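Hi,

Here's the model I promised to pass along. Have a look, and my notes are underneath.

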Amino acid sequence: MLAKKIEKALNEQIRIEAESSQFYLAMASWAETEGLNGVSQFLYQHSDEERMHMMKLIRFVNERGGKAIIPALTQPPKTFDSIKKVFENLLNHETMVTAEINKVVDVCLSEKDYTTHNFMQWYVSEQIEEEALARTIQDKLNLIGNDKGGLYLFDRDLENLQTEEEGA
Ligand code: FEO
C-alpha cells in the first residue's frame, strides 16, 4: 500500500507530467502554424513522451493500491514570440520538472518507501537526458542567432532526428 504522503506526491507528479504534455502540445501546434515542420514534429513527439510519463505514474499508483487522480489542466500559451523562446521555455520547464522529481524522491526516502524510490529512478535518469537535449538545442539556437538559413537547417535537422528515432 502507498502511504498517503507518497500517493499525494505521485498525484502531484501526474499533474505536472500532464501539464508538460499540454505545454509542449501548444508549442508543437504553434510551430506547425509557423511552417516549422521539424520543430513541430519534435515537439509533438515530446508531448507524447510526457503523456507516457504521466501514464506510467497513473498505472504505478493504481497498481500499488493508491488512487491516481486525473487532473484538470491549465490553458497553455496560444502563441510564442520566437522559436528561441519556445526552447527557453522548454528548458526552464524541464528544470522545474527535475526539481519536482527530486522532491518526490525526498518524500520516498523520508517515508522509507524503497519501492517507489526505485520506480522514481527511471524519472531521475530521464530528466538528465531531457535537460541535456534541451541545452544542446539551446546552444544550437544561440549559434544560429537571427540567421534565417540557419533556422531552416535547424528545422530540417530536427525533422531528420525524428525520422532517425522512428526508424530506430
Ligand atoms: Fe516528463 Fe520532460 O519530464
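Below is what turned up on helix packing and on empty space inside.

First, the ground rules: this is a predicted model, so local features need pLDDT of at least 70 and side-chain atom pairs count only at pLDDT 80 or more, while totals for chains, interfaces and linings use all residues. Residues are numbered from 1 along each chain as its sequence is written, and side-chain values use heavy atoms, with hydrogens and water left out.

Helices here are DSSP runs (H or I, at least four residues), numbered from the N terminus. Helix 1 (residues 4-33) packs against helix 2 (residues 37-63) at about 165°, axes 8 Å apart; axes are lines fitted to C-alpha atoms over the stretch in contact, and angles run from 0 to 180 degrees between N-to-C directions. That makes the two roughly antiparallel (over 145 degrees). Their contact involves 16 nonpolar, 8 polar and 5 charged residues, where Ala, Val, Leu, Ile, Met, Phe, Trp, Tyr, Cys and Pro count as nonpolar, Asp, Glu, Lys and Arg as charged, and the others, Gly among them, as polar.

On to the cavities (sets of points on a 1 Å grid over the protein atoms alone where a 1.4 Å probe fits but cannot get out; lining residues have an atom within 4 Å of a point). The whole structure has 1 of 30 Å³ or more, and the largest holds about 30 Å³, volume being the space filled by probe spheres set on the points, which are joined across faces, edges and corners. Phe42, His46, Leu90, Glu130, Leu133 and Ile137 line the largest cavity, and helix 4 (114-144) gives the largest share, 3 residues.

Cheers

How values were computed:
Parallel < 35°, antiparallel > 145°, perpendicular 65-115°, else oblique. 1 Å grid on protein atoms, 1.4 Å probe; cavity = no way out; pocket = protein on both sides within 12 Å on 5 of 7 lines; lining within 4 Å.
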